[in-house]
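Here's a quick briefing to read alongside the model. Keep the sequence and the 3D view open as you go.

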Amino acid sequence: MKIKKIRVLGLIVIILLAVAAIGYFKVERFADRKINVVNEKIFTLPAGTGRVVLEDMLVKQKLIASPWLFTLLLHLEPELAEFKAGTYRFPAGMTVRQMLELLRSGKEAQFTVRFVEGFRLQDWMQVVQKAGYLKHELTGKSDDDIATALGMQDAKNAEGWLYPDTYAYTAGTTDLSLFKRAHQRMEKTVAKIWQDRDTSLPYKTPTDMLTMASIIEKETAIKDERKEVASVFINRLRIGMRLQTDPTVIYGMGDSYKGTIARKDLETPTPYNTYVIEGLPPSPIAMPSEASIEAAAHPAKTDFLYFVADGKGGHTFTTNLDSHNKAVRAYRDLMKNKNEK
């Protein structure tokens with residue numbers, strides 16, 4: 001009788017072990033199974049999420065199809081249940097285990113926003129408005145408000161004072177924090193270049209240099225031309241000649257600019273219209289690249305006072321009005337011929 005009971009108990013143990021082994025095998029297979037992601041999935045795990053809520057989220061979003069195996073996995077490997085709140089990137093081909101290890105690691109998804117050189121502050125504001133997963137704190141703020149939020153002491157306008165680049169961020173980052181990073185980087189860049197500038201240049205402050213750089217940025221996208229463009233404006237400043245640069249007129253026109261400049265616009269006074277005012281405008285007109293700041297700090301040594309587009313992507317530089325007018329006529333003839341073809 002005792003032997004029979006022992007055999008029965010042994011059989012039960014064997015069955016239980018077999019069931020456990022099969023269950024463990026199924027759980028392991030489940031852990032190595034790919035989650036249901038075709039291309040990529042951005043998944044946000046709220047703070048305080050536990051096992052049950054996570055399981056419910058994964059099922060509702062159809063990322064997993066076996067909730068009971070998911071529960072068993074977290075019981076068998078409790079370290080996988082140490083989730084960290086955040087927004088994560090689930091790539092195609094990711095397994096359940098890899099997903100849980102990612103949630104445990106806290107390595108949140110990185111997003112990027114590109115701030116382009118030559119863009120104005122209002123252009124950058126439009127960029128951040130369209131950027132995903134950003135928290136917006138600057139919406140509706142005036143230029144003064146933004147400058148104050150950035151901690152700017154001597155300026156009421158952040159124009160020009162944000163460094164153009166591609167910035168990475170995680171979900172929930174504020175637009176203000178991105179602007180602060182760009183501002184701090186620009187401040188350091190300007191301070192360094194100001195320290196190494198040609199001290200004979202007619203700048204009174206770093207803002208003057210940055211303003212010049214913003215004009216250079218708007219006038220040419222050709223790196224090798226920037227120092228020549230800078231030389232034209234420096235030469236004009238030195239002899240008291242007006243800068244007469246169209247980008248400053250456009251900036252002063254604001255929203256009234258519709259793509260073309262009329263003679264009336266050139267003659268209408270604004271603080272930025274360099275056809276009317278003497279010297280530099282009161283602040284930058286765009287976010288300049290570091291290359292343009294370097295050009296403003298170290299312009300070429302030339303006698304140039306004029307430049308005009310050459311119709312081939314560059315500019316023709318001249319030292320007198322007669323030569324400039326010839327270059328203008330050559331440009332117009334070239335464009336006329338192109339349009340007639």
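E278 and R242 form a salt bridge, with 3.1 Å between their closest N and O atoms; the term covers a side-chain nitrogen of Lys or Arg within 4 Å of a carboxyl oxygen of Asp or Glu. That pair ties together distant parts of the chain, 36 residues apart: E278 sits in the loop between α11 and α12, and R242 in the loop between α9 and α10. This is a predicted model, so a few ground rules apply: local features need pLDDT of at least 70, side-chain atom pairs count only at pLDDT 80 or more, and totals for chains, interfaces and linings use all residues. Residues are numbered from 1 along each chain as its sequence is written, and side-chain values use heavy atoms, leaving out hydrogens and water.

**Salt bridges**

- Searching the whole structure turns up 10 salt bridges.
- R242 counts as partly exposed because its relative accessibility is 33%; the cut-offs are under 20% relative accessible area for buried, over 50% for exposed and partly exposed in between, with a 1.4 Å probe and protein chains only.
- E40 pairs up with R89, and their closest N and O atoms are 3.0 Å apart.
- Here too, distant parts of the chain are linked, with E40 in strand β1 and R89 in strand β2 (residues 86-91), 49 residues apart. Helices (H or I, at least four residues) and strands (E, at least two) are DSSP runs, numbered from the N terminus.
- Both partners are partly exposed: E40 has 44% relative accessibility, and R89 has a relative accessible area of 29%.
- R97 makes a salt bridge with D32, the closest N and O atoms being 4.0 Å apart.
- That one bridges 65 residues of sequence, from D32 in the loop between α1 (2-31) and β1 (40-45) to R97 in helix α4 (residues 96-105).
- R97 is buried, because its relative accessibility is 16%.

**Helix α9**

- With 14 residues (226-239), α9 reaches 20 Å from first C-alpha to last, close to the 20 Å expected at 1.5 Å a residue; that expected span is 1.5 Å times one less than the number of residues.
- How many of the 14 residues of α9 are buried? The count is 10, so the helix is mostly covered.
- Among the buried residues of α9 are R226, F233, N235 and R236.
- The cover over them includes α8 (206-219), α12 (290-297), β5 (306-309) and β6 (315-318), where contact means heavy atoms within 4.5 Å.
- Right after α9 comes G240, with a positive phi near 75°.

**Positive phi outside glycine**

- Most residues other than glycine have a negative phi.
- K62 goes the other way, with a positive phi of about 60° although it is not a glycine.
- K62 is in the loop between α2 (51-60) and α3, and counts as exposed because its relative accessible area is 62%.
- Q244 isn't a glycine either, and its phi is positive, near 50°.
- Q244 belongs to the loop between α9 and α10 (246-253), and is partly exposed, with a relative accessible area of 35%.

**A buried charge: D265**

- D265 is in helix α11 (residues 263-267).
- D265 is buried but has no salt bridge, and K264, the nearest side chain of opposite charge, is 6.6 Å away. For charges, Lys and Arg count as positive and Asp and Glu as negative; His and the chain ends are not counted.
- Setting aside neighbours within four places in sequence, D265 is in contact with V249, M253, T260 and N273.

**Strand β5 and V308**

- V308 lies in strand β5 and is buried, with a relative accessible area of 13%.
- Not counting residues up to four places away in sequence, V308 touches G314, H315, T316, H324, A327 and V328.
- V308 and T95 are 60 Å apart in space, C-alpha to C-alpha, and 213 residues apart in sequence.

**Nonpolar surface patch**

- W68, L72 and L76 make a nonpolar patch on the surface, with about 310 Å² of accessible area together; areas come from the Shrake-Rupley method with a 1.4 Å probe, and for residues only the protein chains shown count as cover.
- Patches are made of residues with over 30% relative accessible area and no salt bridge, joining like charges within 9 Å and nonpolar side chains (Val, Leu, Ile, Met, Phe, Trp, Tyr) within 5 Å.
- W68 is in helix α3 (residues 67-76), and is classed as exposed because its relative accessibility is 51%.
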